[in-house]
Every structure is written in structure tokens, then in C-alpha cells.
Amino acid sequence: SFISIILHHINQIILNSQRLKQPCNSSEFIAKTGDEDTLKWIQTVIRDTIHASWVNSVPKYFGKKSAGSVKAEEWRTLSSLFLPIALIIRWGDADGSAPPEDDSKAGYLLKMLDHTMALFQATIVALLYSVSTCRANIYQKYHAEWVNGLTTLFPQPREGKIKPNIHAAGHTFDFLLPFGPVMLWWCFPFEC
């Protein structure tokens with residue numbers, strides 16, 4: 001009825017005015033993963049990890065302004081080698097055992113690790129030099145796991161739509177079998 005519509009609009013106005021009084025960013029919903037200690041740890045892993053000579057180099061001071069912008073090939077090396085090592089040791093090890101799967105800080109960092117590793121695994125599978133139905137399905141599984149984690153771990157996707165590049169990455173599955181390995185058909189927009 002007309003009265004229920006008016007009451008609904010009044011209720012929305014009240015809720016919106018209350019929301020405007022709250023801070024734009026709430027620190028309780030922002031992942032505490034990008035601290036200085038974690039960045040220093042990643043830099044230590046990059047510097048101290050012994051790797052094959054054919055592995056491309058990455059900025060030793062990754063994350064610092066002096067390192068410059070990270071190129072696509074450097075991101076690939078970071079996400080397939082250095083970051084998994086650093087983050088598994090940093091977030092996935094609680095004095096020799098797995099962190100608890102609860103709402104504690106260690107449990108939250110374990111969820112962040114699982115979320116990040118899903119993205120890395122999807123990327124690694126997509127960049128393999130051969131494609132099969134099994135590999136395409138694995139890519140789709142890890143990409144979906146990563147996208148679903150965005151809305152539970154980060155505040156921004158909860159409030160709006162996902163970014164176009166995340167949507168486009170979901171269609172990579174559609175192209176893997178018909179077009180073959182991603183390296184054969186990717187282009188600049190996908191690289192970004």
C-alpha cells in the first residue's frame with residue numbers, strides 16, 4: 001500500500017543518515033595483512049631464496065617506491081615462487097603447526113593465505129603450456145574460490161560490483177579449451 005511505501009522510504013532515509021555519521025572506512029573490516037613486518041619478510045624471502053638461474057629476477061625491495069612498478073612477468077614470478085613461500089611461512093605457520101581455523105588474528109591470516117593461494121593456483125594453472133579439461137576445471141574452481149573470498153574478506157566488494165578485470169578473468173575458463181594455453185592468446189588487457 002501507499003503508506004507502507006512511504007514508511008519504507010522514511011526508514012531508508014533514517015538508515016542512510018545514520019550511515020553517514022559512521023566513518024567511511026572501518027578498520028575492523030580491513031585486512032591487517034599489509035604491515036611493514038610482512039613486507040620486510042617478503043623482501044627477505046626474495047633476497048635469500050636460492051632459485052634456478054633461469055628464474056627471472058624480481059625487485060629485491062618489492063613494495064618500496066624505489067623498486068618501481070612491478071611488470072607482468074615479475075608478478076608471475078612473485079606469485080608462483082616468492083610470495084607463496086613468504087606467505088605460507090608468515091601466515092600458515094604457528095610455531096610448527098597450522099594456525100587455528102577460527103576468528104582469531106592467526107585464523108584470519110590463515111583465511112587470507114587460503115584466499116591468496118587460490119588466486120596464485122588459478123594463475124599458475126592458466127599459465128601452463130598445455131591445457132586439458134581437468135586443468136580448465138581446476139582453473140575455474142580456484143578462480144571461483146578466490147572471487148567468493150573477496151566478498152567475505154574485504155569490505156569493498158561487499159559494497160558494490162566486482163571490477164571488470166575480475167569478471168574478465170572468470171571468462172578465461174571459457175577460452176582455455178577452444179584457444180589453448182593462455183600464453184598463445186593473451187593480450188594487454190588481460191595482463192593488466
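In this predicted model, the cover over the buried residues of helix 3 includes helix 2 and helix 4. The buried positions of helix 3 are Glu74, Thr77, Leu78, Ser79, Phe82, Leu83, Pro84, Ala86, Leu87 and Trp91. This set includes nonpolar side chains such as Leu78 and Phe82, together with Glu74, Thr77 and Ser79. In an α-helix, residues three or four places apart point the same way, because there are 3.6 residues a turn.

Helix 3 is not straight. A kink of about 50° is centred on Leu78. The end-to-end span of the helix is in keeping with a bend: for 20 residues, the end C-alpha atoms are only 25 Å apart, whereas a straight helix would reach 28 Å at 1.5 Å a residue. Leu78, at the centre of the kink, is also listed among the buried residues of helix 3.

Leu78 has a further role in the packing of the chain. The largest nonpolar core comprises 36 residues, and Leu78 is among those with the most contacts inside it, along with Ile42, Ile46, Phe62 and Tyr139. Two or more residues of this core are given by each of helix 2 (36-48), helix 3 (72-91), helix 4 (105-126), helix 5 (133-153), helix 8 (172-179) and helix 9 (182-185). Helix 4 supplies the largest share, with 10 residues.

The surroundings of Phe62 illustrate how this core is assembled. With residues up to four places away in sequence left out, Phe62 touches Leu39, Ile42, Gln43, Ile46, Ala67, Val70, Trp75, Leu78 and Leu83. Among these partners, Ile42, Ile46 and Leu78 are themselves listed with the residues that have the most contacts inside the core.

A second local environment is found at His143, which is placed in helix 5. His143 counts as buried because its relative accessibility is 11%, below the cut-off of 20%. Beyond the residues up to four places away in sequence, His143 touches Ala122, Ile166, Ala169 and Gly170.

At the level of the whole chain, the secondary structure consists of 10 helices and zero strands, giving the pattern α-α-α-α-α-α-α-α-α-α along the sequence. Of the 192 residues, 30% count as buried. Among contacts with a separation of 6 or more, 57% are between residues 24 or more positions apart. The accessible surface of the chain amounts to about 13,000 Å², and carbon and sulfur atoms account for 61% of that area.

Conventions:
Residues numbered from 1 in each chain as written. Predicted model: local features only at pLDDT ≥ 70, side-chain atom pairs only at ≥ 80, totals over all residues. Heavy atoms only, no water. Core = buried A, V, L, I, M, F, W, Y, C linked by side-chain atoms within 4.5 Å. Buried < 20%, exposed > 50% of the residue type's maximum accessible area, 1.4 Å probe, protein only. Helix = DSSP H or I, 4+ residues; strand = E, 2+ residues; numbered from the N terminus. Contact = heavy atoms within 4.5 Å. Areas by Shrake-Rupley, 256 points an atom, 1.4 Å probe, with all protein chains shown as cover. Expected span 1.5 Å × (residues − 1). Bend = angle between axes of the 7 residues up to and from the residue.
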